[in-house]
Every structure is written in C-alpha cells, then in structure tokens.
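Colleague: I am new to this one. May I put some questions to you about how its features get their labels?
Modeller: Go ahead.

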Amino acid sequence: MDQNFSDPLSAAVAKRDANVLETVRDALKYGRTALAFQPVIQAGAPQNIGVL
C-alpha cells in the first residue's frame with residue numbers, strides 16, 4: 001500500500017477493501033455466511049411489497 005492517508009480510518013478501510021475477495025473466499029470456505037433479505041416496498045403504498 002503506497003498511498004498516503006489523511007487519517008487512520010481511511011488507511012484501515014483501504015487495507016480491508018484490498019482483501020475483500022480473500023475475505024469472501026474465507027467466509028464461504030468456513031461457513032461464515034448468512035443470507036439476508038430486505039423487501040422492497042412501494043413508495044405510494046408502503047404496505048405492499050414491490051415486485052421485481
């Protein structure tokens with residue numbers, strides 16, 4: 001990582017993001033995954049779930 005960062009958080013986020021594919025591979029390999037579902041609702045009728 002040759003970049004200069006203005007703060008430690010930016011450096012940590014960049015380091016994490018550089019290894020995202022490895023992180024995903026490890027999560028799949030070791031069963032550390034979960035399926036999340038968030039319904040899409042219609043703005044004009046929020047009681048209805050949108051159909052994609």
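Colleague: Which residues make the nonpolar surface patch?
Modeller: This is a predicted model, to begin with. In it, Val20, Leu21, Val24 and Leu28 make a nonpolar surface patch of about 390 Å².

Colleague: Why is Val24 called partly exposed?
Modeller: Its relative accessible area is 43%. Buried means under 20% and exposed means over 50%. The value for Val24 falls in between, so Val24 is partly exposed. Val24 is found in helix α2, which covers residues 20-29.

Colleague: What makes Pro8 buried or exposed?
Modeller: Pro8 has a relative accessible area of 69%. The cut-off for exposed is over 50%, so Pro8 counts as exposed. Pro8 lies in helix α1, residues 8-18. The C-alpha atoms of Pro8 and Gly31 are separated by 31 Å, with the two positions 23 residues apart along the chain.

Colleague: What does the secondary structure of the protein come to?
Modeller: Two helices and zero strands.

Colleague: How do you know whether the protein is spread out or a compact globule?
Modeller: Set the radius of gyration against the globule rule. The rule gives 10 Å for 52 residues. The protein has 19 Å, well over that, so it is more spread out than a compact globule. Its C-alpha atoms fill a box of roughly 50 × 35 × 15 Å along the principal axes.

Colleague: How many of the residues count as buried?
Modeller: Of the 52 residues, 4%. The protein exposes about 5,100 Å², and carbon and sulfur atoms supply 58% of that.

Notes:
Residues numbered from 1 in each chain as written. Predicted model: local features only at pLDDT ≥ 70, side-chain atom pairs only at ≥ 80, totals over all residues. Heavy atoms only, no water. Helix = DSSP H or I, 4+ residues; strand = E, 2+ residues; numbered from the N terminus. Buried < 20%, exposed > 50% of the residue type's maximum accessible area, 1.4 Å probe, protein only. Rg over C-alpha atoms; globule rule 2.2 N^0.38 Å. Areas by Shrake-Rupley, 256 points an atom, 1.4 Å probe, with all protein chains shown as cover. Patch = residues over 30% accessible without salt bridge, like charges linked within 9 Å, V, L, I, M, F, W, Y side chains within 5 Å. Salt bridge = Lys/Arg side-chain N within 4 Å of Asp/Glu carboxyl O.
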